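Hi,

Here is the structure I said I would pass on. Have a look at it first, and then read my notes below.

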Amino acid sequence: MTVHRLSARDARRIAVRAQLLDRNRPESMHDVVRHLTFLQADLTAAVAPNADLVLWSRLGSDYDPAELVDALDRHRLVELLGMIRPREDIALYRAEMAEWTGPDDPDDWRQLRKEWVRVNDAYRRDILARLDIDGPLPQSALPNTCAVPWSSSGWNNDRNRAMMLLAMARRGEIAVAGRDGREQLWDLATRIYPDDVTPAGEAQLIRAARRLRALGIARARANDLGEAGEPAVVEGLRGTWRVDPAQLDQPFAGRAALLSPLDRLVFDRKRMTDLFAFDYTLEMYKPAAKRRWGYFALPILYGDRLVGKLDATADRKARVLRVDAIHRDVPFTAAMTRAVDAEIRDLAHWLRLALDVPG
């Protein structure tokens, strides 16, 4: 098979276009989720929750967060282990759930969890019985009849209900049925998931192909791609990549975009650094005095380059989007400034907040 030789610019453009961040905006929320394969359901709302920010970055201010809430309430989209996915895609995970395996689970950890669930089987059945009668229910309304507490050296120590619910979700026995505010509501998976099950080997191939389609270009081992796509080398970078052949030799028209810190274009920080030479860290867990860019700084995309960070906060009590700083990694041209400023205004408009820009 031919190994494609790509310039650094070609590789960046493939990545941007694959993430639906070029000028050709997608038509609907469902188109975005199906193409990206998932939205991370992180509720940190210094600006807006991650899933909403990702959708706004692609769709613009025509996107209404109520669409996502409605799709989740109707189970057209479902939340699986912190990721919002199309309901029909759950079939690609059911075989793995039945085996209770996962690529991120070391064998010793998996066995420890299985043994803990086994010795607490009566507790597990208590939860299933309660959900069968009264579900969907929040975690706080479920029984806590654990016989052997969950033990760890970390913050999960003795968090029996949370750990049992996580284990049962991994097994495909229960599923998130919706939310009451920030709290998940749990129900029997049979009421939420489709009955279809794709055989494990076939499911892995489909998932790898879809993952590469959403990324455009990535390293195989780091992204569990196997032989998906075709091999490529990128100018100035070591090793072989996998590229979606549908993205090769395509025209590119870029635009400005403000990204969630958890956006898939930047979430894999090593891939981000390799392809975009972009210096970025989410600093919300750092002391304020040690932050360079801000609590929840948004990476700024312009064309095929990541060019800076926006330090902004949605102050909903004061009803303003407060812009504390625009950190420019490169000198902004007049066109860049106009485009980025327009995105900031659109963000404020979408949030229904006034814009507060110092100076």
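What follows is a short run through the domains, one pocket, a helix pair and two backbone details.

Before anything else, keep in mind that this is a predicted model.

Let's start with the domains. The assignment splits the chain into domain 1, made of 4–67 plus 202–356, and domain 2, which covers 106–191. Taken over C-alpha atoms, the centres of domain 1 and domain 2 are 33 Å apart.

Now for the pocket I spent my time on, the second largest one. Its volume comes out at about 420 Å³, and 23 residues line it. Nearest its centre you'll find Leu 43, Leu 68, Val 69, Leu 72 and Arg 179. The elements that put two or more residues into this lining are helix H3 (50–59), helix H4 (65–73), strand S3 (77–80) and strand S6 (174–180). H4 has the largest share, with five residues. By type, the lining breaks down into 13 nonpolar residues, six charged and four polar.

So where does this pocket sit relative to the two domains? Domain 1 and domain 2 each contribute residues to the lining of the second largest pocket, so it lies between them.

Next, a helix pair. The axes of H5 (residues 91–99) and H9 (residues 200–215) come within 9 Å of each other, and they cross at roughly 135°. Angles over 145 degrees would count as roughly antiparallel, and 65 to 115 as roughly perpendicular, so H5 and H9 are classed as oblique to each other. As for its hand, the H5 and H9 crossing is left-handed.

Finally, two spots in the backbone to click on. The first topic is a peptide bond: the one from Gly 135 to Pro 136 is cis, with omega near 5°. Pro 136 sits in the loop that runs between helix H7 (121–134) and strand S5 (137–138). The other is Leu 20, which has a positive phi of about 60° even though it is not a glycine. You'll find Leu 20 in the loop between helix H1 (8–18) and helix H2 (29–36).

Cheers

Note on methods. Residues numbered from 1 in each chain as written. Predicted model: local features only at pLDDT ≥ 70, side-chain atom pairs only at ≥ 80, totals over all residues. Heavy atoms only, no water. Domains from an automatic or database assignment. 1 Å grid on protein atoms, 1.4 Å probe; cavity = no way out; pocket = protein on both sides within 12 Å on 5 of 7 lines; lining within 4 Å. Points joined across faces, edges and corners; volume = space filled by probe spheres on them. Helix = DSSP H or I, 4+ residues; strand = E, 2+ residues; numbered from the N terminus. Nonpolar A, V, L, I, M, F, W, Y, C, P; charged D, E, K, R; others polar. Axes fitted to C-alpha atoms, helices over the stretch in contact; angles between N-to-C directions. Parallel < 35°, antiparallel > 145°, perpendicular 65-115°, else oblique. Left-handed = near helix turned anticlockwise from the far one by under 90°.
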